[in-house]
Amino acid sequence: PQRPKTIRPIRTDSKPSNGEALFVPSINVIPNTPVECNLSADDDDDVVVRVEKVEMGSTSSLSTSGADDSDREENEQSSCDESDDPDEYQSIVLDRYRKECSSLLSSTPEKFASDAGMVLNENSQGVVSSVMAIARGRTPSVNATGSLFSVNLGKMRSMRVFFSDPESTCGQIVIASRDSRYKILHFHHGGLDKLAQLFEQWSSIKARSVNGSPSPQPDRHLIIWQPSVAKGELDPEDGLYDAVSNALWKAYKNKDGVVDDSLTLRKAIFFASIESSLRREIWPFLLRVYPWESTVEEREAKKNDLFLEYQALKRRRIKKSNTTMKAEWGEIENGITKDVVRTDRRNPFYEGEDNQNVTTMKNILLNYAAAHPRINYIQGMSDLVAPLLSVIRDESETYWTFCGLMQTTMFASPSSIHDNLMEVNLEYLRELLKLLLPDFYSHLISLKGDALQLIFVHRWILLCFKREFPEKDALRIWEACWSHYRTSHFHLFVCVAIVAVYGKDILTQKLPHDEMLLYFASLANHMDAKIVLKKARGLLFAVCRLERLPCSLAGLVDSDSAEQWHSHRETVQYECTQMHGDEPCPFEGR
């Protein structure tokens, strides 16, 4: 990852300037390596990171002071003024660099921690609290003490730093304990680069500890990494499209309102999504409420018909709830009520008590359960209908759009075990992992047991990544899946992309299956959706370009997207995977 080349340690004695957001984590490092004789025998042999909890206005991130940057600029300026001779200046810089490296390698972890201002003791806690009070514009309290969050790194199995922005200043620190517990520190507004640099320097000293004592931790205990996708892994058309705007949407429709080229429009949605203001109009097309070839008049007529049908459905449902099935229906209604009041309450559209929009969401789910008794209501449906209602904002139209969405989800799975939709998806996913990520697949095979059941992806598929990404990112993934460009199973390529981008550490640590579940759960809502989508599109393109496709993946080529797969060859060639038992391969000779 690209990070600043020169980063100075944070100075706790720097005074904040007015209006400047201040604070960087203070770190108390008491390493588990041999110490010099003059150190107290009572010193612990662990590493402790203490992070001050910051609450400045509406932000809760860890931000950095610019004091050290200004000091650095002054030092660089004074160094440049020392000599006008470039050769002499280069010599000065090299000598300084050698001296710093020499100091680094000869230093003890304790000395480095002290010199870098990483030691947090009883006296410094008061200083930290005073500095925080000044940064907030308040008078520091004489007896103020900091509220500290502690993680004992000496007892941790691993520590990973994930950068989430191109400047490598924001992201997360994921700390894994030996008993598979995870702590995540989020840096939303900078500062992670400075802390990561200090960790790297300390780790370097720790690995070269005094008296030749090796570090008790493995070499890969600390990894600093920025998720990315190499240019060669991208779909060649990635980045060539803009989000579908109002002008572009109008250009795709003729005078009667018919979308003349739905394939190209869906392709643009697949690569660049839709402007949020157009979602209310375009989503019913993507979810097949309205045909692309319908005129404006035809859509208005169908909208009216669907409204009347929805009102009749509501009346039947109310009548049903007052019949002999009242007790059974009451249980269903109670389950829906409990879920809707907890769904997306941070969305302004649903916040507050006695919100009518929550009641509308409840009615939609009740009517769906009444109209589809075989499926009924399953926990998690509220997560899917909530974004639809907040965008479309019409009860009847949201209901029919929700019905279209449900046809593409696991909730509509048939009861037959052999035709179970989740199992079909998992079988496709196993074959994709085997094809695209053979090392990860081999790791799953080595774990045996239920590892190949891929429990960690069930929530991804069931809720369409709703709980894995912030809503604005999840909706972009939804739209890419709904576009049905090249495949109707793009969500499986998203799953593979998540594993490819964020799962490398699983192989490094050889995590068992239950810890994989914890590992990916710890990254929920903190993964980079742009990177994941780019990787998923690249994986789909790679599969489409295969000269021979495994017969186990033949279902990825459906009637809606077959012509897109065939664009670069006459027919799709299949290679038998010998997984049919005594049955002949249905694709033999094709």
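The following questions and answers go through salt bridges, two helices, two arginines and the cysteines of a predicted model.

Visitor: How many salt bridges does the model have?
Guide: The rule asks for a side-chain nitrogen of Lys or Arg within 4 Å of a carboxyl oxygen of Asp or Glu. Side chains of opposite charge can pair when their charged atoms come close. By this rule the count comes to 18.

Visitor: What is the N to O distance in the salt bridge of Glu237 and Lys267?
Guide: Glu237 is in the loop between strand E7 (222-225) and helix H6 (246-251), and Lys267 is in helix H7. The pair links distant parts of the chain, 30 residues apart. The side chains meet in a salt bridge with an N to O distance of 2.6 Å.

Visitor: Is Lys267 buried or exposed?
Guide: Its partner Glu237 has a relative accessible area of 21% and is partly exposed. The cut-off for buried is under 20% relative accessible area. Lys267 has 16% relative accessibility, so Lys267 counts as buried.

Visitor: Which residues are linked with Glu237 and Lys267 in a network of salt bridges?
Guide: Glu237 and Lys267 form a salt bridge with each other. The network that holds this pair also takes in Asp235 and Arg486.

Visitor: Which residue forms a salt bridge with Lys253?
Guide: The closest N and O atoms of the pair are 3.2 Å apart, and the partner is Glu281. Lys253 lies in the loop between H6 and H7 and Glu281 in helix H8, so the pair ties together parts that are 28 residues apart in sequence. Both ends count as partly exposed, Lys253 at 21% relative accessibility and the partner at 38%. That partner is Glu281.

Visitor: How many residues apart in sequence are the parts tied together by Glu395 and Lys314?
Guide: The side chains of Glu395 and Lys314 meet in a salt bridge at 3.5 Å, N to O. Glu395 lies in helix H13 and Lys314 in helix H9, so the parts tied together are 81 residues apart in sequence.

Visitor: Which side chain of opposite charge is nearest to Arg299?
Guide: Arg299 belongs to helix H9 (residues 296-321). Arg299 is buried but has no salt bridge. A salt bridge would need a nitrogen to oxygen distance within 4 Å, whereas the nearest side chain of opposite charge is 5.8 Å away and belongs to Glu281.

Visitor: Which backbone oxygens lie 3.1 Å and 2.6 Å from a polar atom of the Arg299 side chain?
Guide: Beyond four places in sequence, Arg299 is in contact with Gly257, Phe285, Tyr290 and Ser294. The backbone oxygen at 3.1 Å from a polar atom of the Arg299 side chain is that of Gly257. The one at 2.6 Å is that of Ser294.

Visitor: Is Arg181 buried or exposed?
Guide: Arg181 sits in the loop between strand E5 (171-177) and strand E6 (182-187). Not counting residues up to four places away in sequence, Arg181 touches Ile175 and Ala176. The cut-off for exposed is over 50%. At 59% relative accessibility, Arg181 counts as exposed.

Visitor: How many of the residues of helix H17 are buried?
Guide: Helix H17 (residues 471-482) has twelve residues and reaches 16 Å from its first C-alpha to its last, close to the 16 Å expected. Its buried residues include Trp478, Cys481 and Trp482. They pack against several helices, among them H7 (262-272), H12 (381-392) and H21 (529-544). Of the twelve residues, the number buried is nine.

Visitor: Which residue just after H17 takes a positive phi?
Guide: H17 covers residues 471-482. Just after this helix, a positive phi of about 50 degrees is taken by His484.

Visitor: What distance separates the end C-alpha atoms of H21?
Guide: Twelve of the 16 residues of H21 are buried, including Lys535 and Arg537. At the start of H21, a side-chain oxygen of Asp528 reaches to within 3.0 Å of the backbone nitrogen of Lys530. At 1.5 Å a residue H21 should span 22 Å, which agrees with the distance between its end C-alpha atoms, 22 Å.

Visitor: Which cysteine sulfur is nearest to that of Cys481?
Guide: A disulfide requires sulfur atoms within 2.5 Å, and by this rule the count comes to zero. Cys481 is in no disulfide, and the nearest cysteine sulfur is 7.2 Å away. Cys481 is buried, with a relative accessible area of 14%. The nearest cysteine sulfur is that of Cys464.

How values were computed: Residues are numbered from 1 along each chain as its sequence is written. This is a predicted model: local features need pLDDT of at least 70, side-chain atom pairs count only at pLDDT 80 or more; totals for chains, interfaces and linings use all residues. Side-chain values use heavy atoms; hydrogens and water are left out. Helices (H or I, at least four residues) and strands (E, at least two) are DSSP runs, numbered from the N terminus. Buried means under 20% relative accessible area, exposed over 50%, partly exposed in between (1.4 Å probe, protein chains only). Contact means heavy atoms within 4.5 Å. The expected span of a helix is 1.5 Å times one less than its number of residues. Lys and Arg count as positive and Asp and Glu as negative; His and the chain ends are not counted. A polar contact is a pair of N or O atoms within 3.5 Å; within protein, one must be able to donate a hydrogen and the other to accept it, and residues adjacent in sequence count only if both atoms are side-chain atoms.
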